[in-house]
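Reader: I would like to go through the labels attached to this model and hear the grounds for each one. Please set the values against the cut-offs.

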Amino acid sequence: MTLMVEAQPVTLMVEAQQVCKRFGKNEVLKSIDLQVPTGSVVVLLGPSGSGKSTFLRCINHLEKIDGGRLFFKEELIGYKDKGGVLHEMRDREVCHQRSEIGMVFQSFNLFPHMTAIHNVIAAPTRVKGEHKDSATERGLTLLARVGLADHADHYPRQLSGGQQQRVAIARALAMQPKLMLFDEPTSALDPELVNEVLEVMRDLARDGMTMIVVTHEMGFAREVADSVVFMDGGYVVEAGPPQEVLLNPQEPRTQDFLSKVL
Amino acid sequence: MSDSLSMAAPPGQARPAPKPIRAVPIRHYGRWVGAVISIGVAALIIRLFVITPNINWPKVAHYLTFRDILVGLELTIILTIAAMVLGLALGILIAVMRLSVNPVLRTLSWFYIWIFRGTPLLIQILFWFNVALIIPNLGIGIPGTSWWVSENTNLLVTPFVAALIALGFNEGAYMSEIVRAGIMVVDYGQTEAALALGMKRTLLFRMIVLPQAMRAIIPPTGNEFIGLLKNTSLVSVIAAQELLTKAQNIYARNLLVIELLLVASFWYLLVTSLLMWGQYYVERYFARGATNRPLPPTPPQKLRKWLGDKFSGVKVAAYTKTSQAEDNPAEGGAP
């Protein structure tokens, strides 16, 4: 018996081709090209204003792109291509696409009028129509996974920042997303609370979740990322494995940025 | 100077507790004078308006539960609630229209508010009562078929209907501004988070934005409710048979003007008090999650606790409902 190792074709979870985004006259994304293979963890680095967060928000269509093409699971995001002509997607279709993409925000954005468990089951029950009992059961498992089994009945304001962010991650995971976007998830946290959130993210990465993470946590990038993308001025300046980009950057702008943050 | 540090007690050695301050308090003579003058003025007012032979108090007591008055009170309450429901529904609709991306809807809602808030309520009441002068017949039908129902407007728009439309539409204009303010208070991050979870705009509004907006909406709505209750007295101009109209009808016959106005005022005050009591509990309901502390006990809970303390044999669970989450909210909790 020979063990057949089939060459798995690399499927792309996200692909950006010359993505452009303007706010008025301000061109935030000039031309972004990026490929995120399924199961990989990509960390976006760059100075503030370089367009990292905007790019992340384009991926789940919170922002509409002005040029280029952006694909999720090899389908256009927010548009349909009908014989070379782009048609805007209907609300329902956009919602369906978004429901497969989890997003975690810098400011947590938990729903303050709902307890932790209700935050987690709100979307599964109301968007997917899952039964409340099974959603609650899954939700409690997810809260346990982020270490908050005892806090299911707490309101967000009764939780610390790190706990809130972990609930937010559980809330995103409850929709069973194919892709997770993290927009500076630890920037609003007290230093001693950063690690409990990073630990949950490491755990997710180990389980094979495809993740795109905007962060300034260099340790996390070095340890967890499959590739690091350095953005500046609306372009991808440099991309590659963390050892190369972080330890041996080729571009002067990358070198300059890293010398300031490391 | 250099040995100021050594003034601190060495560790492990208890320092004597500082002596409590015993000082002679300031005497506030002005407060005493002020209190005496105020009581004097209050006594004078009571003397003029309460202890006077010109008010027949037994008659006030008699008419307080007079059948006609109670019938009028019932209509006043029904009218208030119905107009508020109409006003709230219109208010939410107009507020959503004003915040819409559609310029036509925005403009229309602006005009609605402009007209209904910009003209006196009294005129609006008279207008709807006389609407038959513009539209003599009201009807509905399906175009292209012979199905057509029509009715004389004067038969359809009774004083009650005119009052309801006038009060409700007017209230809608005010409520829409209150609702709009409440919606704008909710952080946009809430909308983004809900969108990112795949929620549609309608669900997001109902489930995420509106419940949070309610916290800002309720206190001014309480005001509106009370204002509306009293504004129902304006519909006495079209003889809608509500509380004030009934009182006026009675004093037109027996000339006990002040007595019946007092009777009406008593009922307005009583209903207002009930509304304030209700508002307190509705506010509490929408305050969940708004603070990191358990809500303070309600007055009945306080009373029960006080009674429980007084008669300590009886165990009273005064705080149980509000203090489930009293464990330290900010503990680290390793994942």
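Reader: Why is B:Leu44 called exposed?

Author: This is a predicted model, so every value here is computed from predicted coordinates. B:Leu44 has a relative accessible area of 55%, and exposed means over 50%, so the label applies. The residue sits in helix H1 of chain B, residues 29-49. From B:Leu44 to B:Ala163 the C-alpha distance is 40 Å, with their positions 119 residues apart in sequence.

Reader: Why is A:Asp232 called buried, given that its side chain is charged?

Author: The label rests on area, and the relative accessible area of A:Asp232 is 18%. Buried means under 20%, so A:Asp232 counts as buried. It belongs to strand E11 of chain A, residues 227-232. Leaving out residues up to four places away in sequence, A:Asp232 touches A:Pro47, A:Ser50, A:Val237 and A:Arg253.

Reader: What makes helix H8 of chain B largely enclosed?

Author: Of the 9 residues in H8(B), spanning 188-196, 8 are buried, so the helix is largely enclosed by the rest of the structure. The buried ones are B:Gly189, B:Gln190, B:Thr191, B:Glu192, B:Ala193, B:Ala194, B:Leu195 and B:Ala196.

Reader: What covers those buried residues?

Author: The cover includes helix H1 (52-59), helix H2 (91-99), strand E8 (101-104) and helix H5 (161-173) of chain A, along with H9 of chain B. After H8(B) comes B:Gly198, with a positive phi near 90°.

Reader: How do you know that A:Cys95 is not bonded to A:Cys58?

Author: The closest cysteine sulfur to that of A:Cys95 is in A:Cys58, at 17 Å, which is too far for a bond. A disulfide needs the two sulfur atoms within 2.5 Å. The structure holds 0 disulfides over all chains. A:Cys58 is likewise in no disulfide, and the nearest cysteine sulfur to its own is that of A:Cys20, 10 Å away.

Reader: Are these two cysteines buried or exposed?

Author: A:Cys58 has a relative accessible area of 1% and A:Cys95 has 6%. Under 20% is buried, so A:Cys58 and A:Cys95 are both given that label.

Reader: Which residues touch the most other members of the largest nonpolar core?

Author: They are A:Leu44, A:Phe55, A:Ile59, A:Leu70 and B:Met199, in a core of 77 residues. H9(B) gives the most to this core, with 10 residues. A second, separate core has 50 residues, including A:Leu45, A:Phe108, A:Val167 and A:Met211. In soluble globular proteins, nonpolar side chains tend to be buried together.

Reader: What is B:Met199 in contact with?

Author: Setting aside neighbours within four places in sequence, B:Met199 contacts A:Cys95, A:Phe111, A:Ala122, A:Ala123 and A:Val127 in chain A, and B:Ala194, B:Leu204, B:Met207 and B:Ile208 in chain B.

Reader: How do helices H7 and H9 of chain B cross?

Author: The axes of H7(B), residues 159-185, and H9(B), residues 201-231, come within 8 Å and cross at roughly 140°. The crossing is right-handed. Residues of H7(B) in the contact include B:Leu167, B:Tyr174, B:Ile178 and B:Ile183, and those of H9(B) include B:Phe205, B:Val209, B:Ile217 and B:Leu228. The residues of this contact divide into 14 nonpolar, 3 polar and 2 charged.

Reader: What makes the phi of A:Glu74 worth a note?

Author: A:Glu74 is not a glycine, yet its phi is positive, about 65°. Most residues other than glycine have a negative phi. A:Glu74 lies in the loop between strand E4 (67-72) and strand E5 (75-76) of chain A. Its relative accessibility is 56%, so A:Glu74 counts as exposed, the cut-off being over 50%.

Reader: Why is B:Gln241 called partly exposed?

Author: Its relative accessible area is 31%. That is neither under 20% nor over 50%, so B:Gln241 is partly exposed. B:Gln241 also has a positive phi, about 60°, without being a glycine. Its place is the loop between H9 and helix H10 (243-254) of chain B.

Reader: What is the make-up of chain B as a whole?

Author: Chain B has 12 helices and 2 strands. Of its 335 residues, 35% count as buried. Among contacts in chain B between residues at least 6 apart in sequence, 66% join residues at least 24 apart.

Note on methods: Residues numbered from 1 in each chain as written. Chains lettered and ligands numbered in written order. Predicted model: local features only at pLDDT ≥ 70, side-chain atom pairs only at ≥ 80, totals over all residues. Heavy atoms only, no water. Helix = DSSP H or I, 4+ residues; strand = E, 2+ residues; numbered from the N terminus. Buried < 20%, exposed > 50% of the residue type's maximum accessible area, 1.4 Å probe, protein only. Contact = heavy atoms within 4.5 Å. Axes fitted to C-alpha atoms, helices over the stretch in contact; angles between N-to-C directions. Left-handed = near helix turned anticlockwise from the far one by under 90°. Nonpolar A, V, L, I, M, F, W, Y, C, P; charged D, E, K, R; others polar. Core = buried A, V, L, I, M, F, W, Y, C linked by side-chain atoms within 4.5 Å.
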